[in-house]
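Please examine the sequence and the model shown here before reading on. The paragraphs that follow lead from a single residue to the interior and then to the surface.

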Amino acid sequence: MRAFYNRLYGIATDCQNDTLLGLGLIATFTLPAIGYFDEHTYSNIHGLCAGLFFISIGVYTWILSSVMTENKMKFPAAQWPDIVLL
C-alpha cells in the first residue's frame, strides 16, 4: 500500500492517492478482523468486515489500474510491461 503511495506521488492527483491510501487502510484492518470475528458467533460483524474488505480491494485495484494506465508514459519504460498487465 505504501509502496504504491510513494510510487504514484506526483503522478496521480492528491485525491486519487489519498483515496487509494484510505482504501488500503480499510483493507489492512478488515482482513484480520474477518478471521478474528467468527462467522458463527459474530456473523454480522464478520459479514460487514468481509464485505468492506472485498469492496475496498476491488475499488483499490480498479482505481490503481486506471491511474497507472492513464499515466503510463510518466513511469520508466522498463515498468510499462507490468503496467499493461494490470
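**From one helix to the core**

His46 lies in helix 3. The model in which it is placed is a predicted one. Is His46 buried or exposed? Its relative accessibility is 17%, and because buried means under 20% relative accessible area, His46 counts as buried. Which residues does His46 touch, apart from its neighbours within four places in sequence? His46 is in contact with Ile34, Phe37, Asp38 and Glu39.

The helix that holds His46 also has a part in the interior. The largest nonpolar core is made up of 12 residues: Leu8, Ile11, Ala12, Leu20, Leu23, Tyr60, Ile63, Leu64, Val67, Met68, Phe75 and Ile83. At least two residues of this core come from helix 2, which covers residues 14-36, and at least two come from helix 3. Helix 3 is the one that gives the most to this core, with 5 residues. A second core, separate from this one, has 6 residues, and among them are Ala27, Ile34, Cys49 and Phe53. Ile34 has already appeared as a contact of His46.

Leu64, a member of the largest core, shows which parts of the sequence meet there. When neighbours within four places in sequence are left aside, Leu64 is in contact with Phe4, Leu8 and Leu20. Of these partners, Leu8 and Leu20 belong to the largest core as well.

Cysteine residues deserve a separate look. Cys49, a member of the second core, has 10% relative accessibility and therefore counts as buried. Cys15, by contrast, counts as exposed because its relative accessibility is 57%, and the cut-off for exposed is over 50%. How many disulfides does the structure hold? The number of disulfides is 0.

Attention now turns to the surface. Leu48 is part of helix 3, which spans residues 43-70. With a relative accessibility of 54%, Leu48 counts as exposed. Together with Ile26 and Leu52, Leu48 forms a nonpolar patch on the surface. The accessible area of these residues together is about 260 Å².

Thr69 is also found in helix 3. Its relative accessibility of 47% is the reason why Thr69 counts as partly exposed. How far is Thr69 from Thr30 in sequence and in space? They are 39 residues apart in sequence, and their C-alpha atoms are 28 Å apart in space.

Helix 3 thus holds the buried His46, the exposed Leu48 and the partly exposed Thr69.

Notes: Residues are numbered from 1 along each chain as its sequence is written. This is a predicted model: local features need pLDDT of at least 70, side-chain atom pairs count only at pLDDT 80 or more; totals for chains, interfaces and linings use all residues. Side-chain values use heavy atoms; hydrogens and water are left out. Patches are made of residues with over 30% relative accessible area and no salt bridge: like charges are joined within 9 Å, nonpolar side chains (Val, Leu, Ile, Met, Phe, Trp, Tyr) within 5 Å. Accessible areas come from the Shrake-Rupley method with a 1.4 Å probe; for residues, only the protein chains shown count as cover. A salt bridge is a side-chain nitrogen of Lys or Arg within 4 Å of a carboxyl oxygen of Asp or Glu. Helices (H or I, at least four residues) and strands (E, at least two) are DSSP runs, numbered from the N terminus. Buried means under 20% relative accessible area, exposed over 50%, partly exposed in between (1.4 Å probe, protein chains only). A disulfide is a pair of cysteine sulfur atoms within 2.5 Å. A nonpolar core is a set of buried Ala, Val, Leu, Ile, Met, Phe, Trp, Tyr and Cys residues joined through side-chain atoms within 4.5 Å. Contact means heavy atoms within 4.5 Å.
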